[in-house]
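Biologist: I would like a close look at a single part of this model, taken slowly enough for a first-year student to follow. Could you take me through one chain, from its overall build to its core and its contact with the other chain?

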Amino acid sequence: MKLVIIDYGAGNIKSIQFAFKRLGIDAVLSNNIDEIRNADKVIFPGVGEASSAMEMLKKSGLDLVIPTLTQPVLGICLGMQLMCNSSEEGNTKGLGIFNVAIKRFSNEVKVPQMGWNTISNLKSDLFKDVEEREFMYLVHSFYAENCKEAIATTTYETAYATALQKDNFYGTQFHPEKSGIAGEQILKNFLAL
Amino acid sequence: MLTKRIIPCLDIKNGRTVKGVNFVNLIDAGDPVVLAKQYAELGADELVFLDIAATLENRGTTLDMVLKVAEQVNIPFTVGGGISSIEHVDALLKCGADKISINSSAVKRPELVNELSQKFGSQCVVVAIDAKKIDGEWIVHLAGGTISTELNLFDWAKEVEKRGAGEILFTSMNNDGTKAGFANEALAKLSTELNIPIIASGGAGKVQHFIDTFVDGKSDAALAASVFHFGEIPIPDLKKELKENNIPVRL
C-alpha cells in the first residue's frame, strides 16, 4: 500500500502522518505529481486560509492534477473545502469536485466551531463500523452546505455536510486523525476502500 | 451538538511533567507522553502543555516532546510557554502541535496575533490571558500574575479577537489555586461580548464548579490541572455528572 499525503505547504500534516503510522502505514509526504498519481491512496490535507491555499496548489500545478486522480482521495478539513466549487473565504474558486459552495458560519454562533460534535446520516463505506452520532473533532469557520454528495452531516447553526463523496473522492470537515478511536476507524476504512 | 470540552493542563520543564502528578499505575508520571495517552483514554477532549521554564536553550527538548506526543496521542493538543516568534510556532506546528498559545508576547507586541493567524490560521492561535480583579476592574497580568499591565481584560480580549485569535484561555488570578470555582461572572461577560470560544481556567475544585462555569460562566471549555492530576476529579465521573446536568459532553 502506497499512501501519499499531498504536501503543498498548507498546514499541519505531521498529525496525519502519525495517525497512519499508528495504524502501521508509513505515508509519504510529497508534492511530486508522478508520485501522487502512482499512489494507491491519496490524502489531501489543509489547514489555514482557503484562497492562499488555492494559490499554493496552483503554483505547483496540483490544482489540475487532483481532480484527475482515479485512486481513492481523502480531503481533510480545508482539503475537503478546496475540493468544492468555491469558498467564501477569500472568495476563491475551488477544484470543483464536489458540487457545493463553502460558506461562513454567521455570528449567531461562535466562530470557529471548535471541539467535538456528532456526525449523523452516515452513508458511505468510509463509516463502516462507525456509529451514528459518533463524536469527531472539528475546527472550522466555513462549512459545506448540506447537498446531494453529503455522506454525513453535523449540526452547528444548521445541519451541514460534514463529509462528502463523489466517485473516488472523499472529504471530511472533521479531523479523523485527531478524533480518537472512532477517527482511527475512519482512516482504517479509507485504507480498505 | 457541539460539546463542552474538558482540558487537563500539564506543566512541562525540560520535556518532563513537573507539577505533582499522582496517577495510579503509571510507570513514569514525569513522562508527558504517558500522561497524555492516559488522559486521552480517560476521555479528555484536548490537552494543554505549558512549558513553564521555556528558554531558547531548551527549545529543542520541548520540540522533541511535542513530536513524541503527536506521534502517540490521538486527540488535539496545545503548546504554550515562551512563544514569541513565527519561526517558533512554525517549528511547533511542524512537530505536530495542533494549536499554540501565546500570552506575554502578545501583550508586548500585539501584531504577533495578526501575523500568526494570517500565516497559520486563527484555528491554531490561542491567546492566554491572566487577569486579576483589582478594585472592581479586571487587569491583565503577565509572568504568572506577578507583573501588572495597563490593559483591561475585556478590552484586551476584544482586541486579540479582532487581530485573529481563534480562542481565549482566561485564567483568573483571583481564583487560581483556590479550588473555590471559576471566575464565572467575567467568563460570561467574555463569552457574551466575544464571538470566539472561551476556555475557563483557575479555580476548579469540585464537579459543581465545572457545571457552574458551563452554565453561569457560558464557558466553551474548562481547563484544570491538580484536580485531574491527583485524581480528585476523575474525568469519566466528571463527564457523567455533566451529562446528568444536561451539559453536552463527549462520552
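Modeller: What follows is a walk through chain B, and it should be kept in mind that the model is predicted. The secondary structure of chain B consists of 10 helices and 11 strands, and its C-alpha trace extends over about 45 × 40 × 35 Å along the principal axes. Because a compact globule of 251 residues would have a radius of gyration near 18 Å, the 17 Å found for chain B agrees with such a globule. Of those 251 residues, 52% count as buried, and when contacts with a separation of 6 or more are considered, 67% of them in chain B join residues 24 or more positions apart.

Turning to the interior, the largest nonpolar core has 77 residues, and B:Val127 and B:Ile168 are those with the most contacts inside it. Strand S6 of chain B, residues 125-134, gives the most to this core, namely six residues. If residues up to four places away in sequence are left out, B:Ile168 touches B:Val127 itself, and also B:Ile129, B:Ala157, B:Leu190, B:Leu194, B:Ile196, B:Ile198 and B:Ile199. A second, separate core of 61 residues includes A:Ile36, A:Ile43, A:Leu82 and A:Val139.

As for the contact between the chains, 27 residues come from chain B and 27 residues from chain A. On the side of chain B that touches chain A, helix H2 (59-72) and helix H3 (86-94) each supply at least two residues, and by class that side has 11 nonpolar, eight polar and eight charged residues.

Notes
Residues numbered from 1 in each chain as written. Chains lettered and ligands numbered in written order. Predicted model: local features only at pLDDT ≥ 70, side-chain atom pairs only at ≥ 80, totals over all residues. Helix = DSSP H or I, 4+ residues; strand = E, 2+ residues; numbered from the N terminus. Rg over C-alpha atoms; globule rule 2.2 N^0.38 Å. Buried ≥ 20, exposed ≤ 12 C-beta atoms within 10 Å, placed from the backbone. Contact = placed C-beta atoms within 7 Å. Nonpolar A, V, L, I, M, F, W, Y, C, P; charged D, E, K, R; others polar. Core = buried A, V, L, I, M, F, W, Y, C linked by C-beta atoms within 7 Å.
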